[in-house]
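Here's a quick walk through this structure, residue by residue and pocket by pocket. Have a look at the sequence and the model first.

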Amino acid sequence: MTQEGGCVCGATRYAVSGEPLSVHACHCTDCQTLSGSAFGLSMILKEADIRLTRGETAVDRYSANDNTAHRHHCTTCGTAVWFSSPDYPGIIALKPGTLDDTSTLRPVAHLWFRSAQPWLKLDDGLPVYPTQPALSELLELAEKARHA
């Protein structure tokens, strides 16, 4: 399955091939700050499954939750398109709100819920983690969701 997406101004476009490894909602304060919202969505992909089809991304390095992270963003408008980390080689976290069609997005879990906004109430039945679960656990949840 191929999905396409891009930044808000259209200068940076990408294509994703293959299936996402996982999709989750992160409520950590870093994701709240980076998204300017109550939480951020991340779609975990193999780095080999994404390619730029127009434009380029700039990369900012920062530290989040005691990990080094790289924010890949449009050089024109600054939209964050994906994140990578040397701690997870070959894996990226696409910001799935940048996809042209978001109707199929189905998170498998809520992470860092200890930092969630106090007014946020969940009723989606998804697993809730107070902090960061192991990547293998998120991948297992996604695999179960695909076969449900």
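Let's start with Trp-112, a buried residue with a relative accessible area of 12%; keep in mind that what you're looking at is a predicted model. Trp-112 sits in the loop between strand 10 and helix 2. Its backbone is worth a glance too: Trp-112 isn't a glycine, yet its phi is positive, at about 55°. As a rule, most residues other than glycine have a negative phi.

**Helix 2**

Follow the chain on from that loop and you get to helix 2, which covers residues 135–146. Does its length add up, or what should 12 residues span at 1.5 Å a residue? The expected figure is 16 Å, and the end C-alpha atoms of helix 2 are 17 Å apart, which agrees.

Which residues of helix 2 are buried? They are Leu-138, Leu-141 and Ala-142. Looking down the axis of helix 2, these buried residues fall within an arc of 100°, so they line one face of the helix. On the face turned away from that buried side, helix 2 carries the exposed residues Ser-136 and Lys-144. As for what covers the buried residues of helix 2, strand 3 (22–26) and strand 10 (110–111) are included.

**The pockets**

Now for the empty space. Rolling a probe the size of a water molecule over the atoms shows where such space is left. Here are the two pockets side by side.

| Pocket | Volume | Nonpolar lining residues | Polar lining residues | Charged lining residues |
|---|---|---|---|---|
| Largest pocket | about 730 Å³ | 17 residues | 11 residues | 2 residues |
| Second largest pocket | about 280 Å³ | 9 residues | 3 residues | 3 residues |

The largest pocket has a volume of about 730 Å³. Of the 30 residues lining the largest pocket, His-24, Cys-31, Ser-42, Phe-83 and Ala-93 are the closest to its centre. Plenty of elements chip in: those giving two or more residues to the lining are strand 3, helix 1 (29–35), strand 4 (40–46), strand 6 (57–64), strand 7 (67–74), strand 8 (80–84), strand 9 (91–94) and helix 2. Which element gives the most to this lining? That's helix 1, with 4 residues.

The second largest pocket has 15 lining residues, and nearest its centre are Glu-19, Pro-20, Val-23, Thr-104 and Arg-106. Strand 3 and helix 2 each supply at least two residues of this lining. Helix 2 has the largest share of the lining of the second largest pocket, at 3 residues.

**Four more residues to click on**

Gln-32 is part of helix 1. Is Gln-32 buried or exposed? With a relative accessibility of 11%, Gln-32 counts as buried, because the cut-off for buried is under 20%. Setting aside neighbours within four places in sequence, Gln-32 is in contact with His-27, Ser-37, Ala-38, Phe-39, Ser-115, Ala-116 and Gln-117.

Pro-96 lies in the loop between strand 9 and strand 10. At 1% relative accessibility, Pro-96 counts as buried as well. If you skip residues up to four places away in sequence, Pro-96 touches Leu-41, Ser-42, Met-43, Thr-102 and Leu-105. One of those, Ser-42, also turned up among the residues closest to the centre of the largest pocket. Pro-96 and Gly-6 are 90 residues apart in sequence, but their C-alpha atoms are 9.7 Å apart in space.

Over in strand 1 (residues 2–6) you'll find Glu-4. Glu-4 is partly exposed, and its relative accessible area is 46%. Beyond its neighbours within four places in sequence, Glu-4 is in contact with Arg-13, Tyr-14, Ala-15, Leu-99 and Asp-100. Glu-4 and Glu-19 are 15 residues apart along the chain, with 13 Å between their C-alpha atoms.

Last up is Gly-78, in the loop between strand 7 and strand 8. Gly-78 counts as partly exposed at 25% relative accessibility. Not counting neighbours within four places in sequence, Gly-78 is in contact with Arg-71 and His-73. Gly-78 and Cys-7 are 71 residues apart in sequence and 8.1 Å apart in space, C-alpha to C-alpha.

Key
Residues are numbered from 1 along each chain as its sequence is written. This is a predicted model: local features need pLDDT of at least 70, side-chain atom pairs count only at pLDDT 80 or more; totals for chains, interfaces and linings use all residues. Side-chain values use heavy atoms; hydrogens and water are left out. The expected span of a helix is 1.5 Å times one less than its number of residues. Buried means under 20% relative accessible area, exposed over 50%, partly exposed in between (1.4 Å probe, protein chains only). The arc is that of the directions from the helix axis to the C-beta atoms. Contact means heavy atoms within 4.5 Å. On a 1 Å grid over the protein atoms alone, a cavity is a set of points where a 1.4 Å probe fits but cannot get out, and a pocket is an open set with protein on both sides within 12 Å along at least five of seven lines; lining residues have an atom within 4 Å of a point. Grid points are joined across faces, edges and corners, and a volume is the space filled by probe spheres set on the points. Ala, Val, Leu, Ile, Met, Phe, Trp, Tyr, Cys and Pro count as nonpolar, Asp, Glu, Lys and Arg as charged, and the others, Gly among them, as polar.
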